[in-house]
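Trainee: I should like to understand how the descriptive terms for a structure are justified. May we go through them one by one?

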Amino acid sequence: MNLAAPIYTGPTPGSPEQVNAIIAELRRLYPQAKCSLDFSNPVELLIATQLSAQCTDERVNIVTAKLFKKYPSVNDFAEASQEELEQDIRSTGFYRNKAKNIRATSQRLISVYGGKVPRTMEDLLTLPGVARKTANVVLGNAFGIVVGFVVDTHVGRLSRRFGWTTNTDPVKIEQELMLIVPKQDWLDLSHLLIFHGRAICDARKPLCEQCTIAHLCPSAFAATPVRNTSTKIH
DNA sequence: CTCCCGATAT
DNA sequence: ATATCAGGAG
């Protein structure tokens, strides 16, 4: 046991001092942070985000590079065969569900929304395979409409480590973040947290020693870092 | 809660 | 072998 182990003496977790200091340093570290999915229109972003469930953006971008050439419009996805689309997206995982959702979503975009991606949370949530995370990504990055906070696995994990929440439910975490973080920072901070989560604040082995916001992070001083709460039992 | 599910790092 | 990856539905 390290008797000299320092304890967290930084600003109160969730306080404006801590939140703003974290945002400022993350902006310095990742000035180019943004959505890292490749897309050229709202339909492509919607489909890319549906594919990104439990899959890296890097993998999604490899798949969509071919996919969006083979299926150039929403009509092509709506008319695609289930089996063929499954194989086209296979490497992203969950490919049966994703193919079904992409086809049904595309058909609904055409039958209900004139072939366009709707611009409200309420309408987006009616699309199969679209929940708040995907809806917030599309609204923010395709339309510049921010009505919520993108909470993915990175955002949830870093929020717990910063002491912003003790929840694991993304919807509850989103509600807490919207109270703690100024609205003008919601979309930017989600990107910053994702970049930092990938580069430094890894799920398994966070590199606190080389983290320049460790002095703002209670978890960096914990005996064992805050981990994801695995629901899997083996 | 369970299921969907391939790719990758450790 | 196991955990995790820009989740969502039943």
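Trainee: Which residues does UniProt list for "binding site"?

Mentor: The unreviewed UniProt entry lists C201, C208, C211 and C217. UniProt positions are given in the numbering used here, feature names are shortened, and annotations may be inferred rather than shown by experiment. The model itself is predicted, so local features need pLDDT of at least 70 and side-chain atom pairs count only at pLDDT 80 or more, while totals for chains, interfaces and linings use all residues; side-chain values use heavy atoms, with hydrogens and water left out. Residues are numbered from 1 along each chain as its sequence is written, and chains are lettered from A and ligands numbered from 1 in the order in which they are written.

Trainee: How do you know that C201, C208, C211 and C217 gather at one spot?

Mentor: These residues span 17 residues in sequence, yet no two of their C-alpha atoms are more than 10.9 Å apart, so they gather at one spot. The lining of the largest cavity includes C201, C208, C211 and C217. A cavity is a set of points, on a 1 Å grid over the protein atoms alone, where a 1.4 Å probe fits but cannot get out, and lining residues have an atom within 4 Å of a point.

Trainee: Why is C211 in no disulfide?

Mentor: A disulfide is a covalent bond between the sulfur atoms of two cysteines. Here the term requires a pair of cysteine sulfur atoms within 2.5 Å. For C211, the nearest cysteine sulfur is that of C208, 6.5 Å away, so C211 is in no disulfide. For C35, the closest cysteine sulfur is in C55, 14 Å away, which is too far for a bond. By this rule the count comes to zero disulfides.

Trainee: What makes C211 buried and C208 partly exposed?

Mentor: Buried means under 20% relative accessible area, exposed means over 50%, and partly exposed lies in between (1.4 Å probe, protein chains only). C211 has a relative accessible area of 15%, so C211 is buried. C208, found in the segment after α11, has 23% and is therefore partly exposed. C35, at 10%, is buried.

Trainee: What makes a residue count as near DNA strand C, and which residues come nearest?

Mentor: One of its heavy atoms must lie within 4 Å of the strand. Of the 28 residues around DNA strand C, C35, D57, T134, H154 and R204 come nearest. Helices α8 (132-143), α9 (153-161) and α11 (186-199) each supply at least two residues of this surface; helices are DSSP runs (H or I, at least four residues), numbered from the N terminus.

Trainee: How do you know that H154 makes a polar contact with DNA strand C?

Mentor: A polar contact to a strand is a pair of N or O atoms within 3.5 Å. A polar side-chain atom of H154 lies 2.4 Å from a phosphate oxygen of DNA strand C, so the pair qualifies. A backbone N or O atom of S52 lies 3.4 Å from a phosphate oxygen of that strand, and this pair also qualifies.

Trainee: Which contacts meet the limit at DNA strand B?

Mentor: Among them, a polar side-chain atom of R59 lies 2.8 Å from a sugar or linking oxygen of DNA strand B. A backbone N or O atom of F94 lies 3.1 Å from a sugar or linking oxygen, and a polar backbone atom of N97 is 3.0 Å from a phosphate oxygen.

Technical notes: Polar contact = N/O pair within 3.5 Å; in protein donor to acceptor, adjacent residues only side chain to side chain. 1 Å grid on protein atoms, 1.4 Å probe; cavity = no way out; pocket = protein on both sides within 12 Å on 5 of 7 lines; lining within 4 Å.
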